[in-house]
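Please open the model in your viewer and keep the sequence panel beside it, since this tour moves from one selection to the next.

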Amino acid sequence: MTETILVAVAWPYANAEIHVGNITGSHLPGDIFARYNRLKGNRVLMITGTDSHGTPVTMSADKLGKPVEEVYKSFHEGFIELFQQIGITYDLYTTTHSDNHFKVSQAMFLALQKNGFLFRQFSKQWYSPKAEKFLPDRYVEGTCYICGYESARSDQCDKCGNVLEPEKLINPRATTGDGALELRDTEHSYLDLSKLEPEVKKFLQSRSDHMRDTVLGESLRKIESEGLKPRSITRDLDWGIPVPIDEPQWKTKVLYVWFEAVIGYLSAPIEWAQLSGAKEAWRDWWINPAAKQFHFIGKDNIFFHTSQWPAELMGAGSAFMEFFAGEQNAPLILPYDVPANQFMNLESQKISGSRNWAVWGRDALTRYDPDAIRYYLTANMPEAKDSDWDWAEFVARNNNELVATWGNLANRVLSFCYKHWEGVVPNVDVNTLRPADLELLATIEAGFNTVGAELDAVRLRSALSETMKLATVVNQYLDVNAPWSAVKTDKDGAAKTIYTALKAIDSLKVMFAPFIPFTSERLHGFFAYETPLFGEQYTEEVTDAIGSHKVLRYKPVEGLQWKPSDLKPGAKLNQPGPLFKKLEVDVIEVERGRLGN
């Protein structure tokens, strides 16, 4: 039965380039899952966009001495370029800086306010008399009163990891050099998570049979031990979404980025529906109780996606539709799963942009094929614990697995067939296939269930490993039957071997496709199929009430393709060629030499 699936991926901040840790943390797993479900014929909507607001973005603009909007758009367009190059097939990649997102976020705020889940409260915040404004947390540094670290932010110490009370910070100073600071009272709006705690716990308990243990540890078990406390959802900033309160003192405040960014999982489908000419289609993923939502994120964002976001949705209830669409309707549905990944390190050290200790996505793609990067990031994906990008392992996996096990298998069988059977699949009588041939085909066919079950459970590393094991089984079959020598003395027997191997490779191509789509599509072309495995990515410029923004979109291919090969004897083939490039071992030290420079 066809399923309706929302693939919602973490929104990258518009303050730094995307590195391999970001890619394997959320974007790549989301893409693999979306591609698989599209091949199954499910109705998939994959969305996210650039997180354009918040102090990390304004601080980047300050450092560059450029307007915030210019800086955010520069990063935004770079992200889109990266996703096109590495094949992250967003149905819509947009931005939080859009009129649509503003309206959806403000409607969510008003719904929570109407339902009694917001309250106002004064708190102490550092104020710069020189700049005549309150300074956001990241703009104030000082000495941590817990561990003594001298460069702690006013809200959190990056050294000891503790959340700090701003008024206790020792020797506070403005990172902008805005002179002496003083504590003043400022009023903010708070989301009363304590009121919603019982419902959030019930939600997490209902998902506990399929959510990862690492996710439950940072959500359900943490709530059970610590409870949920109210959180401020507004900030004193001039870049962001205006707070929908019509009072003078609120004109200088915006919605907190972590309140409104997660609302993008709702606003992006609404924008997609508008751009697609089916204005109400977003409801299929958001009001339909049978729809399933998957949130692909990193471990540092688990709280917001498993606790605060469900609380926002439950608190808004059906009142959201009242403020957004002027109608009463069913409440919005809750996430089905949040398969959060852990972190990827680099050469046994934490990735650090400031130290240039990173493998940057766009830079790496100038030297390596996208499928080589996608393969390694999947095989090494930090699903249950932190993993490590190691350049020696990258080269070894590329050469020993992609090139030798899979690429060589596909190329030598296709090339051998193209040469000895004049560019067509051997015209064998399938009723005369031998027991060994039928056993191999049965093993490969069963792989669609085995690999599919791992993908359904979002165990992507295991799914890829199972697929590569099947490729090894085909290599073993060829070693035993040796068509290369049999063709000289028993061409009929060799024909059966080659036909069987071709059919197995044709099936494996589909199983590999979610992970390494570029080479799978190329291999699909060698088999002379007219309909591609996947659709096309394209960009579009959107103009609205607050300006314009570029979006990345995807035109899908309809139909079920997650199934065993139906390759016919006598079918035409196209001229084959190598799928992957062998890497020289000297690139290991070259790449290591780039780190930190």
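Begin by selecting Lys124, which stands opposite Asp185 in strand S9. The model is a predicted one, in which local features need pLDDT of at least 70 and side-chain atom pairs count only at pLDDT 80 or more, while totals for chains, interfaces and linings use all residues. Residues are numbered from 1 along each chain as its sequence is written, and side-chain values use heavy atoms, with hydrogens and water left out.

**Strands S4, S9 and S10**

Extend the selection to strand S4 (118–128) and strand S9 (182–191), which pair in the antiparallel sense over 10 bridges. Helices (H or I, at least four residues) and strands (E, at least two) are DSSP runs, numbered from the N terminus, and two strands pair if DSSP finds at least two bridges between them. Next add strand S10 (residues 231–232), which runs antiparallel to S9 and is joined to S9 by two bridges; here the bridge partner of Leu191 is Arg231 in S10.

**The second largest pocket**

Keep S9 selected, because S9 gives the largest share of the lining of the second largest pocket, three residues. About 420 Å³ of space lies in this pocket. Of the 23 residues that line the second largest pocket, those closest to its centre are Lys133, Phe134, Asp236, Leu237 and Asp238. Helix H2 (55–64), S4, strand S5 (133–134) and S9 are the elements that give two or more residues to this lining, which divides into nine nonpolar, five polar and nine charged residues. In this count Ala, Val, Leu, Ile, Met, Phe, Trp, Tyr, Cys and Pro are nonpolar, Asp, Glu, Lys and Arg are charged, and the others, Gly among them, are polar.

**An open sheet**

Now select S6, S7 and S8, three strands that form an open sheet in the order S7-S6-S8 with antiparallel pairing. Strand S7 (152–153) and strand S8 (170–174) stand at the edges with a single partner strand each, so one side of each is left without a neighbour in the sheet. Three bridges join strand S6 (residues 140–143) to S8, and the bridge partner of Thr143 in S8 is Ile170.

**Two cavities**

On a 1 Å grid over the protein atoms alone, a cavity is a set of points where a 1.4 Å probe fits but cannot get out, whereas a pocket is an open set with protein on both sides within 12 Å along at least five of seven lines; lining residues have an atom within 4 Å of a point. Grid points are joined across faces, edges and corners, and a volume is the space filled by probe spheres set on the points. The count comes to two cavities of 30 Å³ or more.

Which residues line the largest cavity? Select Arg35, Arg38, Leu39, Leu533, Phe534, Gly535, Tyr554, Pro556, Val557, Gly559 and Gln561, around a volume of about 50 Å³. Helix H1 (residues 20–39) gives the largest share of this lining, three residues. For the second largest cavity, of about 40 Å³, select Trp11, Asp51, Trp258, Ala261, Val262, Tyr265 and His305.

**The nonpolar core**

Finish at Phe394, which, along with Trp389 and Trp406, has the most contacts inside the largest nonpolar core, of 115 residues. Such a core is a set of buried Ala, Val, Leu, Ile, Met, Phe, Trp, Tyr and Cys residues joined through side-chain atoms within 4.5 Å, where buried means under 20% relative accessible area with a 1.4 Å probe and protein chains only.

Note on methods. Buried means under 20% relative accessible area, exposed over 50%, partly exposed in between (1.4 Å probe, protein chains only).
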